[in-house]
Each structure stands twice: as C-alpha cells, then as structure tokens.
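The following exercises concern helix packing, a chain interface and nonpolar cores. Each task is followed by a solution in steps.

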Amino acid sequence: MLMSEEVVVSWVRSLTLIKRGAESEIRLGTFMGIPAVFKLRVLKPYMHPKLAQILAAQRTRKEAKVIGHAIKNGIPAPRLLAVFPSVGLIIMEYVEGPTLKDLAFKDSKRAVKFSREAGLILAMLHKAGIVHGDPTTSNYIVVGEGGLKLIDYGLSEFSEDVEERAVDIHLYRRAVESTHAGIADAMFKEFLEGYSEVMGPEAGSVIERAEDIRLRGRYVEERRRTVWGQLK
Amino acid sequence: MTLILGIESTAHTFGVSVVSSEPPHILSDSRRIYSPRQGGILPREVAPFFSNVAGEVVREALDEAGVGIRDVDAIAVALGPGMGPQLRVGASVARALASYYGKPLVPVNHAVAHVEIARFLTGLRDPIVLYVAGGNTTVVSYSEGRYRVFGETLDIPLGNLQDTFAREAGIGPPYVVEGKHVIDICSEGGEFIEGMPYIVKGQDSSFSGLLTAALRLLKKGSRLQDVCFTLREIAYSSVVEVLERGLAHTGKREVLLTGGVAASKLLNEKIEVMAKLHGALFKPIPGKYSGDNGVMIALTGLPAYLWGYTVEPSKALIRQRWRIDQVDIPWYYEFPR
C-alpha cells in the first residue's frame with residue numbers, strides 16, 4: 001500500500017510522544033513489526049514556512065546520510081527503517097535501555113567502565129569522518145551487558161576538523177562534570193583512554209585542543225599559537 | 001549622586017550623553033550621524049566629520065542635561081571595538097576633557113555598552129543577548145564574571161550584509177530611511193525564492209555566501225523585492241536559530257536584542273515567537289537606543305566608575321579589536337538597580 005506523506009505524518013502524530021526538543025519530536029511505535037522511534041523535525045515557527053520546510057528536509061536527509069554512513073563503518077547507531085525528508089520524518093530502530101546518564105546515578109562503577117566504551121565509539125565515528133555534535137551521556141544507551149549505542153545524529157556533520165572533533169570531547173567532558181560530579185574525573189579518564197585506543201596518534205592533538213576549548217570557556221576563537229605550539 | 005559624561009565614536013555616530021545615578025538617569029542624548037553620499041563608511045571621511053561636530057555635541061549634551069562640565073564626576077569613552085580614526089577622535093576629546101578638568105577617565109567597551117543599555121532599558125537581569133549591527137553579529141550571555149560569546153558570524157556581520165547588498169543593488173546609501181533599513185522597505189511585497197544558502201554551523205552563522213548568491217540572482221534578472229525579502233528572511237532566521245540554540249544551551253530565561261539591526265520590526269517579531277516557544281521572556285528596546293549612542297557609553301561608564309575602573313589619560317589608548325569577552329563585569333548582578 002502506498003501512503004501519501006501527509007497521511008504518514010498524521011499517523012505518526014497519533015503515536016506516544018516521549019520527548020519534545022527544540023529540534024524534533026520523538027514518538028514511539030512499531031514499524032513493520034519492529035519497535036521503532038519516529039523522529040519528526042520541528043518546523044521552526046519563526047521562519048517563513050517555505051524556509052522552515054526546506055531546512056527540515058535538508059537536515060533530515062543529512063541525518064539519515066550520517067546514520068547510514070556510521071552504520072556502514074560499524075558504529076553502534078540505531079538502524080534506519082525509513083526516511084521521509086519532505087516532511088522531516090526519520091523512522092529508526094528503537095534502542096531500548098537506560099542512558100549512560102541514568103546508569104551513572106545508579107551504578108557508578110559500571111558507568112565508569114562503560115565510559116571507556118563511549119570514548120571508543122566516538123573515536124570510531126571520528127575515524128569515519130563524522131563529528132557527532134552532542135555526545136552527552138544522555139545520548140549513549142546501555143544495551144544490556146553487550147555495550148553502548150550512540151544515538152541522536154541531529155547535529156552531526158561530516159568533518160575531519162580537529163576543532164570540531166575536540167568540541168565533541170569537550171561536550172562529553174562537560175556533560176559528565178555537570179551531572180556526575182563525583183565520578184566525573186574517573187569517567188572522563190576512561191573516556192579518553194577508549195578514545196585514544198581507537199584514534200591512535202591522532203588522538204593527542206584532538207585532546208589537547210579539547211583542553212584548549214575548556215580553558216577558553218567557549219567554542220569558537222582563533223587558534224591559539226604559541227612559540228611552543230609552533231616548535232612541536 | 002554620580003554624573004557621568006559618555007562619548008561614543010566607534011563607527012558612524014558621534015554621540016555624547018550625561019547620565020545620573022539617580023532617576024531619571026538619562027539626562028541628555030546628543031548625536032550626529034555620518035551618512036555617506038555614496039559608497040560605504042570611509043574612516044578617513046568620518047573622522048574629520050567627527051572632529052568638526054565634537055565640540056558642539058559635547059556642549060549640547062551638557063546644556064540638555066542642565067549641568068556644567070565641572071559637575072560631572074567622570075568621563076566615559078568607548079575605546080573599542082571600532083574603526084581607528086573615529087575611535088581616536090572620541091578618545092582625544094575624552095582625554096582632553098579628563099586632563100583639563102581633572103576628571104577620572106573610564107574606558108568602556110562598545111559591545112558591552114550595547115548589552116548594558118538593553119538590560120537597563122528592559123530591566124531584564126540575566127538574559128541571553130543577540131547583538132546585531134553593522135560591525136557585529138554575536139550571541140552572548142554572562143557567565144563567571146564576563147559576557148561569553150556563544151556564537152557569532154564566521155565572516156561578515158548582518159548589518160554589513162544588508163548595507164553591502166543595498167549598495168551593490170543600488171538602493172543605498174542612505175541605508176536607513178526614517179528608522180527603516182532600505183532592505184526592509186524593498187522587501188515589501190516580496191516572495192520567497194528557493195535555493196539561496198542558509199548557513200548555521202553549530203553555533204555560528206555565515207553570510208558571505210548569501211550575499212554572493214543574492215547579487216547573482218539579481219544579475220540574472222530576479223525581482224529586487226523577492227531577493228531583498230529572501231535575503232532578509234534567511235539572515236534573520238539564521239541568527240534567531242543561533243540565539244535559540246544559545247537559549248537552550250545556557251538555560252537562561254530572558255532574551256534581549258540589541259545593536260543597530262535591533263530596530264528591525266521583523267527581527268523583533270521572530271525573536272518574540274522563538275522566546276515564547278521556549279517559555280522565555282523577551283523585551284524589545286526602544287528603536288532610538290538600538291543604534292550607537294552616547295547614552296550607552298555613559299550608562300556603562302557609571303557602574304565601571306563606581307567599581308573603580310579608571311585609566312590615566314596618557315594610557316587611554318584605543319583598542320580596535322577589543323572583544324566583549326575580554327572585559328570583567330563585576331557589577332552584573334547589582335547593576336542596573
């Protein structure tokens with residue numbers, strides 16, 4: 001049966017809403033028998049309707065492309081089930097489990113252990129030429145004992161830029177520092193070890209830049225050049 | 001009671017104002033605005049214009065306030081960021097007044113002043129701020145002692161985009177007619193054109209590609225009002241989106257818009273809708289205080305002076321690239337009110 005996209009959207013709207021963000025609404029349902037997440041991009045009400053629609057379509061297409069590329073490179077991301085760019089809808093596999101954030105509140109020992117894997121996964125993503133854009137502990141899902149999955153590629157970009165990679169690291173660090181203060185250092189240390197293990201020698205400059213970002217207290221500024229930096 | 005005389009001269013406006021620590025605070029607001037007959041703002045032409053009007057503007061501000069220079073407690077001056085030749089005129093006038101009359105000299109950052117006057121006029125205490133003007137497009141909010149930059153333009157500022165397009169399209173200068181930018185006027189009756197670039201990268205926006213695309217469309221024969229309309233729609237939407245991300249990220253509950261482009265009705269409307277969406281409070285500032293003026297320098301100079309920030313006239317050098325996040329704001333929670 002062929003359904004028009006408007007029909008799909010109105011059906012999606014009838015599903016249970018589990019999260020409403022600035023960028024999208026997430027609903028839960030089943031798609032061809034599989035438990036699925038329905039992510040509908042919000043049309044920005046402050047934009048001209050045509051512009052809002054164009055952006056939602058572009059960003060949906062890009063997000064789907066990023067997820068597809070990530071999966072092809074073996075990154076544990078949710079599988080894509082269907083994409084409807086013109087209405088800003090992505091349907092993907094529902095990843096069940098607590099977030100790494102939830103786990104950190106309940107079982108700090110395991111959270112520290114999983115933090116290493118979080119770093120490992122981020123490095124795989126970076127190696128695949130993708131920066132995540134929001135790799136906080138809320139976006140890592142603990143799937144049984146098996147491991148983690150990294151979700152929400154809504155702000156992801158294709159990029160191999162050191163600065164953008166470093167921002168990812170910085171975002172993870174800030175997430176653990178702001179929500180899991182007691183185990184933040186241990187979690188971040190494990191995270192960096194996991195990251196470095198996969199990234200290899202490239203990791204050094206990214207981690208160094210992440211430290212820079214933290215010190216400057218914001219993201220974008222001209223690269224700091226020191227005599228020592230030039231000598232290296 | 002403390003009286004501050006403030007001097008603004010960073011770009012096209014030479015403004016002088018006297019403010020008081022007691023209500024009604026703003027005692028005077030005198031300005032002269034340089035408007036080029038053709039082309040953009042050439043510093044070498046604006047600086048002599050400023051030099052010529054400086055004396056009468058200072059005189060006017062004092063007379064309007066009903067005070068003499070000897071009644072003033074300190075001289076505040078915008079030392080940057082801005083264009084060198086213009087900044088030097090304001091700085092020279094301020095240094096001369098300070099040393100001749102033995103008044104303390106207070107250095108003020110022009111960008112900080114745009115934010116401070118907006119906080120003062122609206123009474124919003126802890127907002128996220130979109131500062132859009134001819135020379136600046138930044139989203140800032142206060143954190144740990146300073147205004148921090150959340151996002152900014154990666155290339156040209158929004159006001160510069162509008163002026164440059166107007167100039168190339170032959171609809172300016174003047175760029176502002178009766179308080180409205182010529183882009184706003186030419187957008188009337190325009191329709192949205194698909195395919196012009198919208199660029200928001202994380203927390204930053206970029207306009208140079210948009211300018212190029214708009215001029216190319218115009219050359220190819222698109223209707224001027226459609227190009228104006230689309231250019232404005234994309235430019236405003238992208239800065240509001242950066243502001244929205246900043247709001248979500250910082251968790252602030254208040255939103256402000258300041259700088260020359262803040263006079264735009266459409267931009268105010270867009271921000272209002274966005275703020276409502278997130279349950280945040282937005283208050284617009286009166287149009288006459290959105291652009292550069294002496295009041296904002298005096299208003300910022302007041303707490304700066306009370307908190308002990310003064311500089312020797314011989315050391316009051318201009319800083320063309322003085323960033324907003326290089327300035328300590330120890331009075332943040334205590335001023336205004």
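Two residues count as being in contact if their C-beta atoms, placed from the backbone, lie within 7 Å. The model treated here is predicted.

**Exercise 1.** Determine how many residues each chain brings to the contact, and which elements of chain B take part.

*Solution.* Step 1: chain A contributes 15 residues and chain B 20 residues. Step 2: on the side of chain B that touches chain A, at least two residues each come from β8 (146–152), α7 (224–250) and α8 (265–277) of chain B. Step 3: α7(B) has the largest share, seven residues. Step 4: by character, this side of chain B comprises nine nonpolar, three polar and eight charged residues.

**Exercise 2.** Classify the mutual orientation of α3(B) and α9(B), and describe their contact.

*Solution.* Step 1: the axes of helix α3 (residues 110–122) and helix α9 (residues 294–306), both of chain B, come within 8 Å and cross at roughly 85°. Step 2: angles of 65 to 115 degrees count as roughly perpendicular, and α3(B) and α9(B) are therefore roughly perpendicular to each other. Step 3: the residues that meet include Val112(B), Ile117(B) and Phe120(B) in α3(B), and Val295(B), Ile297(B) and Leu299(B) in α9(B). Step 4: the residues of this contact divide into eight nonpolar, two polar and one charged.

**Exercise 3.** Identify the residues that touch the most other members of the largest nonpolar core.

*Solution.* Step 1: this core has 116 residues, and the residues sought are Ile75(B), Ala76(B) and Val77(B). Step 2: α7(B) gives the most to the core, twelve residues. Step 3: leaving aside residues up to four places away in sequence, Val77(B) touches Ile7(B), Leu105(B) and Ile297(B), among others.

Terms used: Residues numbered from 1 in each chain as written. Chains lettered and ligands numbered in written order. Predicted model: local features only at pLDDT ≥ 70, side-chain atom pairs only at ≥ 80, totals over all residues. Axes fitted to C-alpha atoms, helices over the stretch in contact; angles between N-to-C directions. Helix = DSSP H or I, 4+ residues; strand = E, 2+ residues; numbered from the N terminus. Parallel < 35°, antiparallel > 145°, perpendicular 65-115°, else oblique. Nonpolar A, V, L, I, M, F, W, Y, C, P; charged D, E, K, R; others polar. Core = buried A, V, L, I, M, F, W, Y, C linked by C-beta atoms within 7 Å. Buried ≥ 20, exposed ≤ 12 C-beta atoms within 10 Å, placed from the backbone.
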